[in-house]
Structures are given as structure tokens and as C-alpha cells.
Amino acid sequence: MIFDKFSLKGQVGIVTGGGQGLGKVFCQAYAEVGADIIVAEANPETGEATAAELRAGGRRAIAVTTDVRDPASVEAMVSRAMAEFGQIDFLMNNAGITKWADAQSVSLDDWRNVIDVNLNGLFYCCQAVGKHMIARRSGRIINIASMSGFIVNRPQPQASYNTSKAAVIHLTKSLATEWAPYNIRVNAICPGYMGTAMAKPFFDDPAYGGEWIGMIPLKRPGEPEELAPLAVYLASEASSYMTGSAIVIDGGYTAW
Ligand SMILES: NC(=O)c1ccc[n+]([C@@H]2O[C@H](COP(=O)([O-])OP(=O)(O)OC[C@H]3O[C@@H](n4cnc5c(N)ncnc54)[C@H](O)[C@@H]3O)[C@@H](O)[C@H]2O)c1
């Protein structure tokens, strides 16, 4: 049956930034199709709340307080995941931040922080988990990039974010080719504006909301749940011939 290919029963996945927003919805979706989950989250309260919710739904789940910017923190999280679950079948790199600032005045600390979370931290997770996947000759990695990896948003200036997401798309392709011989598939999801804490307040702000909606053919932000089916597809056998792809879900934004 076609739906059987979407099952993650008996599989184990790590979701970074799973305490809120898109990451929490990805955790819920993966658990719904059978996966046990490690919530790798910087915020201990929200990470534990997500893990507790998954356990209440009958899955094995732990929260591991993790700062993806810190390679030692990432290594410790992966060691804990291996110790408790014995395998990692998929990795969802979702943790990310944004910073609006003009390129001429953005502080170098702010610039570095965005690149550190969105790009370097994502790479640390790929490397730390990739070693185990290479040893098993099996794994899927799903990177959350953004439509901002293809286009420049307006009117807000966010060069660091746009640059980090473009790099995530190219890193996805690079890892997909390097790790294909090990049966590891690596793909990216590139969302448009989604109704999470990161974007929602600005849709109510006349300085941004109207202009943003005007640029979206479907005339609304996406709901986090509208990304979940793709996240499951990419983590599962249903996507067995897909690697190195960056799939846009943006209500048509990049079509104009
Ligand atoms: N919301 C959107 O419109 C949108 C659009 C395109 C892409 N994205 C991307 O989707 C991902 C999730 O965005 P969101 O809207 O859910 O954001 P969010 O701010 O609601 O959630 C981000 C989560 O990541 C965690 N996090 C931040 N820094 C971390 C770190 N150093 N280590 C570990 N965890 C950390 C936060 O604690 C939080 O739980 C991000 O990569 C973002 O760039 C979002």
C-alpha cells in the first residue's frame, strides 16, 4: 500500500528546535506516523514540553538541551540519543533564527550568530549524526532552509538570514552527493512565510503584513501543519529516489 511507505514505525529521529513553531509540528507529525523522537532544543522548558506530549501519545521521546552552535553540545546530544535509542534513522535540522538589520550596520556578533545557528550549527548536526548513519549505511537528513535561499525578501533587510539559507541549500546538495554511496539521502524544505512566532506578528504590522500578503498568490501565510506531510515524505521510504532536492512550499511566492 502506498501509505505504508510513509510509515516511520520503529524508527528514531532527531528534531532540532523542536520546542515550538515548525519544529514542534514536525515532532508531532513524525510521532503520528510511528517514530520515536529526540527533541534537541536550546530551551529546556519547551523541549521537555514537546517530549512529554509525544510520550503521552505513546511514543518514546526525550528532550536534550542542545545549543547547535556548540559542537560539544551537539556531540553530547547525539551520544545521548545513541545511548538511549541505539540508532538514528533520520535527522531534521529545523533550529533557526533571523535578524533584520541593514548590511551596512549589522553588528558582526549578530551576523555571526545567524550564520552560526542556521548554517554552522546545522552542519555540526549533520556531521555528528552522519558518522553514525555512514556506519549503518542508512539515513535521511531533512534540512529546513527557506524560500529566502532562492530570493531576497522585501522590505526587511536580512542579508545574514538569506545568505545562511542559500548556503543550507548548497550544503544539502553537497552532502547528498558525498553521502549517496552510504545510502544517506539529504533534502531541504524551503518554506515561505509560515504562521509561527518568527513571522506571524509581522503579518499584523501594516509596515510588513500588507506587502507580504500582496506578494503571495494564495494571499495568506502558510500553517506549520502544511509542511508536515513533506517532512514525513522526506524522512520515509516514500521518497526513496529523492536526494539533493530543495523543495519550496510558499503559497506561490517565488512564482512571481
Ligand atoms: N516561520 C517562517 O516563516 C519560516 C519560513 C521559512 C523558514 N523558516 C525556518 O524554519 C525553522 C523554524 O522556524 P520557526 O518559525 O518555527 O521559528 P521559532 O523561532 O518559532 O522556533 C525556532 C526554535 O529553534 C530553537 N533554537 C534557536 N536557536 C537554537 C540553537 N542555537 N540551538 C538549538 N535550538 C535553537 C528555538 O528555541 C525555537 O524552539 C527555522 O530554521 C526558520 O529559519 C521559518
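Two residues are in contact if their C-beta atoms, placed from the backbone, lie within 7 Å. The structure discussed here is a predicted model.

Q: What share of the contacts in the protein chain with a separation of 6 or more comes from residues 24 or more positions apart?
A: With contact taken as C-beta atoms within 7 Å, residues 24 or more positions apart account for 73% of the contacts in the protein chain that have a separation of 6 or more.

Q: What makes the protein chain as compact as a globular protein of that length?
A: The chain holds 8 helices and 7 strands. Its radius of gyration is 17 Å, and the globule rule gives 18 Å for 256 residues; the two values are close, so the chain is as compact as a globular protein of that length. Along the principal axes, its C-alpha atoms fill a box of roughly 50 × 40 × 35 Å, and buried residues make up 44% of the 256 residues.

Q: Why is strand β1 called largely enclosed by the rest of the structure?
A: A residue counts as buried if 20 or more other C-beta atoms lie within 10 Å of its own. In strand β1, which spans residues 12-16, 5 of the 5 residues are buried, and the strand is therefore largely enclosed by the rest of the structure.

Q: Which residues of β1 point one way, and which the other way?
A: In a regular strand the side chains alternate between the two faces of the sheet. Val12, Ile14 and Thr16 point one way from β1, whereas Gly13 and Val15 point the other way, and all of them are buried.

Q: How do you know that β1 pairs with β2 and with β4?
A: Pairing requires at least two bridges between the strands. β1 and β2 (residues 36-41) have 5 bridges in the parallel sense, with aspartate 36 of β2 as the bridge partner of valine 12. The path from β1 to β2 runs through α1, and this β-α-β crossover is right-handed. β1 and β4 (residues 90-93) have 3 bridges, also in the parallel sense, and isoleucine 14 stands opposite leucine 91 of β4.

Q: What makes up the shell around the ligand?
A: Its residues divide into 13 nonpolar, 14 polar and 3 charged. Of the 30 residues around the ligand, Gly17, Gly21, Gly96, Thr196 and Met198 come nearest. The elements that give two or more residues to this shell are α1 (21-32) and α4 (108-136), and α1 gives the most, with 3 residues.

Notes:
Residues numbered from 1 in each chain as written. Predicted model: local features only at pLDDT ≥ 70, side-chain atom pairs only at ≥ 80, totals over all residues. Near = placed C-beta within 6 Å. Helix = DSSP H or I, 4+ residues; strand = E, 2+ residues; numbered from the N terminus. Nonpolar A, V, L, I, M, F, W, Y, C, P; charged D, E, K, R; others polar. Rg over C-alpha atoms; globule rule 2.2 N^0.38 Å. Buried ≥ 20, exposed ≤ 12 C-beta atoms within 10 Å, placed from the backbone. Right-handed = clockwise from strand over helix to strand, strands pointing away.
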